[in-house]
Amino acid sequence: MEGKTVIITGGNAGIGKATAIALAKKGASIVITSRSETKAKEAVAEIKKQSGSDKVDFVTIDLSSQKSVREAAERLKAKCPKIDVLINNAGCYFSELKLNEDGLEMQFATNHLGHFLLTNLLMENLKAAEKARIINLSSIAHKSTRELDLNDINYQNAAYDGWKSYSRSKFCNILFTRELARRLEGTGITANAVHPGGVRTEIAEKNANWYTKLGWILSKPLMVTVEDGAKTSIHLASSEEGGDMSGGYWVKCKKYFSNRPSQDPETAAALWKKSEELVGQEFPLS
Ligand SMILES: NC(=O)c1ccc[n+]([C@@H]2O[C@H](COP(=O)([O-])OP(=O)(O)OC[C@H]3O[C@@H](n4cnc5c(N)ncnc54)[C@H](OP(=O)(O)O)[C@@H]3O)[C@@H](O)[C@H]2O)c1
């Protein structure tokens, strides 16, 4: 991947950091994003050491904050005039209902809306690459969502449940991927979604109640390593297939079926429209 520039959100930890190391080893220039400068610097040093590459940099971003996403997008555009691969990898889990600074439910705001805004703000730089790729980290957890109530983002009319809300955000990742792929048809840019497997990270420990945290920790022996969890992202970022196929949901480096409601084009279009409303900007793309 010599000469290619790859941006990986949440590249300071877990699957994102393992993906960064592997792609740096393949010769790509890597820019990770992290919400903490300290964590970013530590991760950059580790990625450089483990990959033997010097072409690793970072930009700080809090994906839950639209203001932070807009500021970081400017810095990323200046740093990377051409973006060959954008891996929307960052993600969070919250056991209790929490609203972000924009007044939106945290998992929807971070896992979906932050990446929706970032991707669209970086579009010109993605178009500047010959055949750019957008890779969105979703999850098999999307399967628990079969309906999307876009009028109740903050669970005012339904009880909040951490896993249901996580599932909804990962369901949105697939709808966003499909709508993006549809709008980018003919541009040479591909968009694909990934389920990385059950991966031994700390995602469900950081903002989890004690029993969720305990359940997650007890399940860890059954999970795969971060290196294994990164394989599908790496495949889509570096293989020929990843540059040719678009709109898919991928598991273990193969195209797979996401649940039927996540394949509905009307729901995908409605989510795009709602997301535009929530960020206060239209992104027609086509
Ligand atoms: N682990 C699994 O079994 C699994 C399964 C299916 C899908 N996934 C998906 O895989 C992706 C990576 O997760 P992981 O398991 O590697 O988790 P992780 O180790 O917790 O890494 C998540 C990354 O996202 C960052 N992040 C969280 N909230 C953020 C915010 N508001 N702004 C900016 N960055 C933020 C984290 O930063 P901090 O280090 O500062 O927290 C971290 O860098 C996620 O999208 C997740 O939904 C994971």
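Tyr155 counts as partly exposed in this predicted model, because 16 C-beta neighbours lie inside 10 Å. Partly exposed residues fall between the 12 or fewer neighbours of an exposed residue and the 20 or more of a buried one. Tyr155 sits in the loop that links strand 5 (133-137) to helix 6. Its phi is positive, about 55°, although Tyr155 is not a glycine. Most residues other than glycine have a negative phi.

Lys252 also has a positive phi, near 50°, and is likewise a residue other than glycine. The loop that holds Lys252 runs between strand 7 (249-251) and strand 8 (254-256). With 14 C-beta neighbours inside 10 Å, Lys252 counts as partly exposed.

Trp210 belongs to helix 7 (residues 210-219). Trp210 counts as exposed because it has 8 C-beta neighbours inside 10 Å. The C-alpha atom of Trp210 is separated by 9.4 Å from that of Ser95, with the two positions 115 residues apart along the chain counted as their separation.

The loop of Tyr155 leads to helix 6, and helix 6 (residues 162-183) packs against helix 11 (residues 265-279). Two packed helices are described by the angle between their axes and the distance between the axes. For helix 6 and helix 11 the angle is about 95° and the axes are 9 Å apart. That angle makes helix 6 roughly perpendicular to helix 11, since the range from 65 to 115 degrees carries that description. On the helix 6 side, the contact is made by Cys172, Leu175, Phe176, Arg178 and Glu179. These meet Thr267, Ala268, Ala269, Leu271 and Trp272 in helix 11. By type, the contact residues are seven nonpolar, one polar and two charged.

The largest nonpolar core has 77 residues, and Val6, Ile7, Leu23, Ile30 and Ile32 touch the most other members. Helix 6 gives the most to this core, with eight residues. In soluble globular proteins, nonpolar side chains tend to be buried together. Leaving out residues up to four places away in sequence, Ile7 touches Val31, Thr33, Leu76, Cys80, Ile83, Leu86 and Ile87.

The ligand has 29 residues around it, of which Gly10, Gly14, Ala90, Gly91 and Thr201 come nearest. Helix 1 (residues 14-25) gives the most to this shell, with three residues. The shell divides into ten nonpolar, 14 polar and five charged residues, with glycine counted among the polar ones.

Key. Residues numbered from 1 in each chain as written. Predicted model: local features only at pLDDT ≥ 70, side-chain atom pairs only at ≥ 80, totals over all residues. Axes fitted to C-alpha atoms, helices over the stretch in contact; angles between N-to-C directions. Helix = DSSP H or I, 4+ residues; strand = E, 2+ residues; numbered from the N terminus. Parallel < 35°, antiparallel > 145°, perpendicular 65-115°, else oblique. Contact = placed C-beta atoms within 7 Å. Near = placed C-beta within 6 Å. Core = buried A, V, L, I, M, F, W, Y, C linked by C-beta atoms within 7 Å.
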